[in-house]
Amino acid sequence: MGWDRLIGQDRVKRVLSSAVASKRVAHAWLFHGPPGSGKRAAALAFAQALQCKERFDGTVCNSCSACHKVPRMLHPDVHVLIPHANDAKPQDLGARVALLAESPYAVIDYSRRPDLNGSGGTGNKQVAYLLGQVQEELQAPMKYRPVEGSWRISIVTSVHSMRTAGANAFLKLLEEPGRDTVFILLAERLDQVLPTILSRCQQVRFSPLEVDEMANGLVQEGLAPADMAAVLARMADGSYEQARELALSTELRSSRDLVLDFLRQAFRASGDDVMSRVDELASHGRESVKFHLHVLLGLIRDLLLYAEVGSHAPIVNLDWQDVLSKFSRGLPHARLDVMAEAVEYAMYMVDRNVNQRIALAHLAIVLGRSMQGDTQVKPVPRLE
Ligand SMILES: [Zn+2]
C-alpha cells in the first residue's frame with residue numbers, strides 16, 4: 001500500500017514525499033503524463049502520505065486508520081472524481097471508484113469502459129464534467145472542514161473533460177482554496193488544461209514507464225509469470241494500465257495462437273482453410289478484430305526486427321524466438337514491409353466499418369503472396 005503501489009516514477013515519489021515532509025504542500029497540483037504512467041496511483045499514495053496519522057515525513061505507516069482507509073477508497077476526506085455522462089447512475093460511479101481499491105491502475109473511465117461489466121469498446125455518449133457535477137462534488141464539500149483527516153483532498157481525473165461552465169466554477173475554487181484543501185488534477189498533456197487553471201497549479205511530470213518496471217509490477221501483482229509479463233510489458237507502450245488489461249484479457253493468449261495460425265494458412269493459401277480462419281477472427285465483433293490485428297502487427301514487427309538484427313533483436317514476443325527464427329530461415333524473401341502495411345490498412349478499413357470478412361480475406365491474400373516473396377504485391381488494393 002502507499003508508495004509501494006506506484007510503479008516506477010522514483011523522481012515523482014521524491015518530489016511528493018518531500019513536499020509532505022517539508023510541510024510545503026501546494027493547494028493545487030497538476031500531474032501530467034501519458035496514460036497508464038501512474039498519475040492516479042501517485043495521487044492516491046500522496047493522499048495517503050498527507051492523511052497518515054503516524055508519519056509526517058512523506059512516508060506512510062500502513063497501520064493507522066487513514067492508511068487503512070485511503071487505499072481502500074473509504075476515507076471521507078479523499079475524493080476521486082471521474083467525468084461521466086448525464087445519465088450515469090450513482091451506484092455505477094461508486095462501483096468504478098471502488099475498483100481503485102483493487103488497483104489504482106484499473107480502467108474506470110467511461111470513455112474507455114462505457115460498460116463496467118463489458119471488457120472495452122468505445123461509447124458514443126458525451127463524457128464530461130458538467131457544471132452540476134463540479135458544484136456537487138467539488139464546490140459543496142469544500143464548505144466543510146475535513147471529517148477525520150488533516151486535509152480535504154480531491155483528485156480530479158481527466159481534467160481536460162471539464163467544460164467551460166464547470167471550469168469557471170472550478171477556477172473560483174482554485175482562486176480561494178480552503179486552508180486544508182488539496183486539489184490534484186490529472187491530465188495527459190499540458191495543452192489540454194486551461195492556462196488560467198495551469199498557472200495556479202504545481203506541476204509534476206510523469207514519464208512513460210520502462211518495460212522492466214511494468215513486467216516486475218505484473219509479477220508482483222500475480223497477474224503473469226515472469227516470461228509472459230515480459231511479453232505483455234513490451235506490448236503495453238509504456239502504460240501499466242494497458243499491461244494489466246492485457247494480462248487480465250483471456251483473449252490475448254488465444255489471439256496470439258489465432259493470428260499465428262492465420263499467418264500459416266495465408267502462406268499455404270488453401271482457400272477453405274484461410275476462410276475458416278477469417279471467419280474465426282471475424283466472429284467476435286469489431287473491437288476483437290482490431291485487437292487481433294494489433295497482435296498480428298506486433299508479430300510482423302518482431303519478424304522485421306529479427307530479420308534485421310537476428311536473435312538479439314528487441315522483440316515483443318519473447319517466447320516465440322523459435323517461431324521467428326524458423327520464419328526468418330524458411331522465408332528469407334518474405335516482403336515483411338508490405339505485410340506490415342497490409343495489416344495497417346486492414347486496421348484502417350475495419351475502423352471505417354467495412355465488411356470485416358472482406359478486409360481479412362484481402363489481407364490473407366496479400367500476406368500469402370508477400371510471404372511467397374511476390375515482388376508485385378501491393379499492400380493496398382489499387383482502384384484502376
Ligand atoms: Zn498511517
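Two residues count as being in contact when heavy atoms of theirs lie within 4.5 Å of each other. By that yardstick, 71% of the contacts in this protein with a separation of 6 or more join residues 24 or more positions apart. The model is a predicted one. It has 384 residues, and buried residues make up 50% of them. The chain contains 16 helices and five strands, and its C-alpha atoms fill a box of roughly 70 × 40 × 35 Å, taken along the principal axes.

A good place to start looking is the metal site. The zinc ion is held by the SG atoms of Cys-52, Cys-61, Cys-64 and Cys-67, at 2.3 to 2.4 Å. Along the chain, these donors follow the spacing C-x8-C-x2-C-x2-C. What geometry do the four donor atoms of the zinc ion give its site? The angles among them run from 105 to 117°, and the site is tetrahedral. That label fits because four donors count as tetrahedral if all angles lie between 85 and 135 degrees. Among the cysteines, Cys-64 and Cys-67 are both buried.

Asn-62 sits in the loop between helix 2 and helix 3, the latter spanning residues 65-69. Its phi is near 60°, a positive value in a residue other than glycine. Most residues other than glycine have a negative phi. Asn-62 counts as partly exposed because its relative accessibility is 37%, and the partly exposed class runs between 20% and 50%. Gln-9 also has a positive phi, in this case near 55°. Gln-9 belongs to the segment before helix 1, which covers residues 10-21. Is Gln-9 buried or exposed? With a relative accessibility of 8%, Gln-9 counts as buried, because the cut-off for buried is under 20%.

Next come the empty spaces. The structure holds one cavity of 30 Å³ or more, and about 40 Å³ of space lies in the largest cavity. Around the largest cavity stand Gly-2, Arg-5, Ala-41, Leu-44, Ala-45, Gln-48, Pro-71 and Pro-104. Sorted by class, that lining has five nonpolar residues, two polar ones and one charged one.

The second largest pocket has a volume of about 520 Å³. It is lined by 27 residues, and those closest to its centre are Pro-35, Asp-109, Ser-158, Glu-188 and Glu-241. The lining is a mix of 10 nonpolar, 11 polar and six charged residues. Which elements each supply at least two residues of this lining? They are helix 2 (39-51), strand 4 and helix 10 (240-248). Helix 2 gives the largest share, three residues.

Just ahead of strand 4 comes a residue with plenty of company. Asp-180 lies in the loop between helix 6 (164-175) and strand 4 (181-187). Leaving aside neighbours within four places in sequence, Asp-180 is in contact with Arg-145, Pro-146, Ser-150, Trp-151 and Arg-152. Asp-180 counts as buried because its relative accessible area is 11%, and buried means under 20%.

Helix 9 tells a similar story on the scale of a whole element. It spans residues 226-235 and is mostly covered, with seven of its 10 residues buried. The buried ones are Met-228, Ala-229, Ala-230, Val-231, Leu-232, Ala-233 and Met-235. What do these buried residues pack against? Their partners are helix 8 (211-220), helix 10, helix 11 (250-268) and helix 13 (286-309). Just after helix 9, Asp-237 takes a positive phi of about 50°.

Helix 13 is also home to Tyr-306. Tyr-306 counts as buried because its relative accessibility is 12%. Not counting residues up to four places away in sequence, Tyr-306 touches Ser-311, Ala-313, Gln-321, Leu-324, Ser-325 and Ser-328. Tyr-306 and Phe-327 are 21 residues apart in sequence, and their C-alpha atoms are 9.6 Å apart in space.

Definitions and conventions
Residues numbered from 1 in each chain as written. Predicted model: local features only at pLDDT ≥ 70, side-chain atom pairs only at ≥ 80, totals over all residues. Heavy atoms only, no water. 1 Å grid on protein atoms, 1.4 Å probe; cavity = no way out; pocket = protein on both sides within 12 Å on 5 of 7 lines; lining within 4 Å. Points joined across faces, edges and corners; volume = space filled by probe spheres on them. Nonpolar A, V, L, I, M, F, W, Y, C, P; charged D, E, K, R; others polar. Helix = DSSP H or I, 4+ residues; strand = E, 2+ residues; numbered from the N terminus. Buried < 20%, exposed > 50% of the residue type's maximum accessible area, 1.4 Å probe, protein only. Donors = N, O, S within 2.8 Å, 3.2 Å for Na, K, Ca; no water. Tetrahedral: all angles 85-135°; square planar, octahedral: opposite > 155°, others 65-115°.
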